[in-house]
Amino acid sequence: MSELFGNSDAQAAFAAALRGGSLHHAWLIVGPEGVGKASFAHRAALRLLAEASATGAVAPGLAVPEGHPTRALVDAGSHPDLRVLHRLPKDADKPDQDLARSITIAQVRSLQPMFATTPSMGARRVVIIDAADDLERNGANALLKNLEEPPAGTIFLLVSHAPGRLLPTIRSRCRVLRFAALDDTDMAAALRQALPETSEDEIATLVGSGEGAPGRAIRYAGLDIDGIDRAIVAIAGDGDPANTRRAALAKALAGKGNAARYEAFLDRVPTLIAREARGRSGPRLKTAIDAQAAARDLAGAALGLSLDAQATVFEMAAIVATLR
């Protein structure tokens with residue numbers, strides 16, 4: 001399990017609760033997407049299960065050493081006291097393709113047989129939900145029942161990028177652990193660990209484009225994200241009166257093999273518009289706010305509705321052009 005960078009206060013707060021013996025049964029791990037919340041949840045789960053097991057010693061803190069029996073089971077995905085709920089592939093035969101839109105009630109209910117028995121290898125079991133924002137309404141209600149009457153020895157770790165979307169009753173039954181964007185030093189360290197073959201020049205570019213979220217930056221690796229940003233900024237600068245820039249961009253991003261760059265473009269435009277808005281006031285600020293909302297809506301619809309990529313890029317670039 002790789003080292004976790006940044007958010008030392010959040011990690012220390014959880015470690016202190018674990019050390020103090022008054023661990024809450026449900027934790028809501030909140031913060032921007034891509035800053036390490038899920039990685040922390042898996043690290044915390046490993047520690048909880050290792051401490052509860054009857055084999056292998058662990059030093060203070062959250063780390064579990066290589067070779068610990070619990071770590072071997074968790075790494076193999078075969079620990080009987082750990083469950084992870086996340087969105088499943090739409091087609092089980094194509095696990096690397098589209099995911100379902102939500103975590104279903106059936107997935108939540110699949111936990112019940114485990115809850116009907118005592119933990120298998122110690123005094124604890126752990127359930128990770130990544131992300132709780134993805135729970136369908138009925139699934140959220142089913143989870144709420146477990147949070148209201150937690151099975152003995154069970155710790156819930158809920159990852160959330162947008163906790164305001166969760167049921168208030170779920171939030172009220174959890175202890176909140178807040179994660180924040182990483183600073184540039186921690187970002188660079190996290191990226192060097194995750195992308196050891198990447199040049200320092202690209203690391204620097206990814207630090208800037210990742211906005212404090214290593215997970216986002218890693219998705220951008222190898223996509224010439226700097227080139228995409230330059231194209232967006234150029235259109236914002238002169239409005240592209242002859243449509244040449246947006247036409248070229250649409251053609252380049254919609255071609256075969258460009259799906260990852262296309263998705264990065266959709267992700268980058270709202271972010272860059274928001275950055276532009278920070279230096280504006282009055283009518284120009286309103287223009288940027290309207291453009292950012294339109295870009296965010298189009299980006300959300302583009303993938304969910306499988307909109308034509310070339311037409312979408314052209315339309316998105318037209319939104320950017322209104323910033324001039």
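Q: Why is Arg-47 called buried?
A: In this predicted model, Arg-47 has a relative accessible area of 3%. Buried means under 20%, so Arg-47 meets the criterion.

Q: What makes the contact between Arg-47 and Glu-51 a salt bridge?
A: The closest N and O atoms of Arg-47 and Glu-51 are 2.9 Å apart. The limit for a side-chain nitrogen of Arg and a carboxyl oxygen of Glu is 4 Å, so the pair qualifies as a salt bridge. It is one of 15 salt bridges in the structure.

Q: How do you know how far along helix H2 Arg-47 and Glu-51 are separated?
A: The two residues are 4 residues apart in helix H2, and they are therefore separated by about one helical turn. In general, an α-helix has 3.6 residues a turn, so residues three or four places apart point the same way.

Q: Which exposure class does Glu-51 fall into, and why?
A: Glu-51 has a relative accessible area of 33%. Since buried requires under 20% and exposed over 50%, the class in between applies, and Glu-51 is therefore partly exposed.

Q: What makes Arg-87 and Asp-134 a salt bridge?
A: Their closest N and O atoms are 3.7 Å apart, and the criterion asks for a separation within 4 Å. Arg-87 lies in the loop between strand S2 (82-85) and helix H4 (105-109), and Asp-134 in the loop between S3 and helix H6 (137-148), so the pair ties together parts that are 47 residues apart in sequence.

Q: Why are Arg-87 and Asp-134 called partly exposed?
A: The relative accessibility is 29% for Arg-87 and 23% for Asp-134. The class partly exposed lies between the limits of 20% and 50%, so Arg-87 belongs to it, as does Asp-134.

Q: What makes Asp-240 and Arg-246 a salt bridge, and why are Asp-240 and Arg-246 called buried?
A: The side chains of Asp-240 and Arg-246 meet at 3.0 Å, N to O, against a limit of 4 Å. Asp-240 has 2% relative accessibility and Arg-246 has a relative accessible area of 10%. Buried is the class under 20%, so it applies to Asp-240 and to Arg-246.

Q: How do you know that the charged end of Arg-246 sits over the ring of Phe-314?
A: The charged end of Arg-246 is 5.7 Å from the centre of the Phe-314 ring. The distance limit is 6 Å, with a further condition on the angle to the ring normal, and the contact is classed as a charge over the ring.

Q: Why is Arg-125 said to have no salt bridge?
A: The nearest side chain of opposite charge, Asp-81, is 4.9 Å away. A salt bridge must lie within 4 Å, so buried Arg-125 has none. Its side chain reaches the backbone oxygen of Thr-117 at 2.5 Å instead. Arg-125 is found in strand S3 (residues 125-130), and among the residues it touches are Leu-49, Asp-81, Met-114 and Ile-155.

Q: What makes the pair of Phe-14 and Trp-27 edge-to-face?
A: The structure has 4 aromatic pairs. In the pair of Phe-14 and Trp-27, the rings are 4.8 Å apart, centre to centre, with 65° between the planes. Pairing requires centres within 6.5 Å, and edge-to-face requires an angle over 60 degrees, so both conditions are met. Phe-14 belongs to helix H1 (residues 8-20) and Trp-27 to strand S1 (residues 26-30), and both residues are buried.

Q: What makes Phe-14 and Phe-40 an edge-to-face pair?
A: The centres of these rings are 5.5 Å apart and the planes make 90°, which means the limits of 6.5 Å and 60 degrees are satisfied. Phe-14 lies in helix H1 and Phe-40 in helix H2 (residues 37-52), so the pair ties together parts that are 26 residues apart in sequence. Phe-14, Trp-27, Phe-40 and Phe-179 form one aromatic cluster.

Q: Why is Gly-164 called exposed?
A: Gly-164 has 67% relative accessibility. The class exposed begins over 50%, so Gly-164 belongs to it. The residue is placed in the loop between strand S4 (154-160) and helix H7 (168-172).

Methods: Residues are numbered from 1 along each chain as its sequence is written. This is a predicted model: local features need pLDDT of at least 70, side-chain atom pairs count only at pLDDT 80 or more; totals for chains, interfaces and linings use all residues. Side-chain values use heavy atoms; hydrogens and water are left out. Buried means under 20% relative accessible area, exposed over 50%, partly exposed in between (1.4 Å probe, protein chains only). Lys and Arg count as positive and Asp and Glu as negative; His and the chain ends are not counted. A polar contact is a pair of N or O atoms within 3.5 Å; within protein, one must be able to donate a hydrogen and the other to accept it, and residues adjacent in sequence count only if both atoms are side-chain atoms. Contact means heavy atoms within 4.5 Å. Rings of Phe, Tyr and Trp (its six-membered ring) pair if their centres lie within 6.5 Å; planes under 30 degrees apart count as stacked, over 60 as edge-to-face and the rest as tilted. A charge sits over a ring if NZ of Lys or CZ of Arg is within 6 Å of the ring centre and within 35 degrees of the ring normal.
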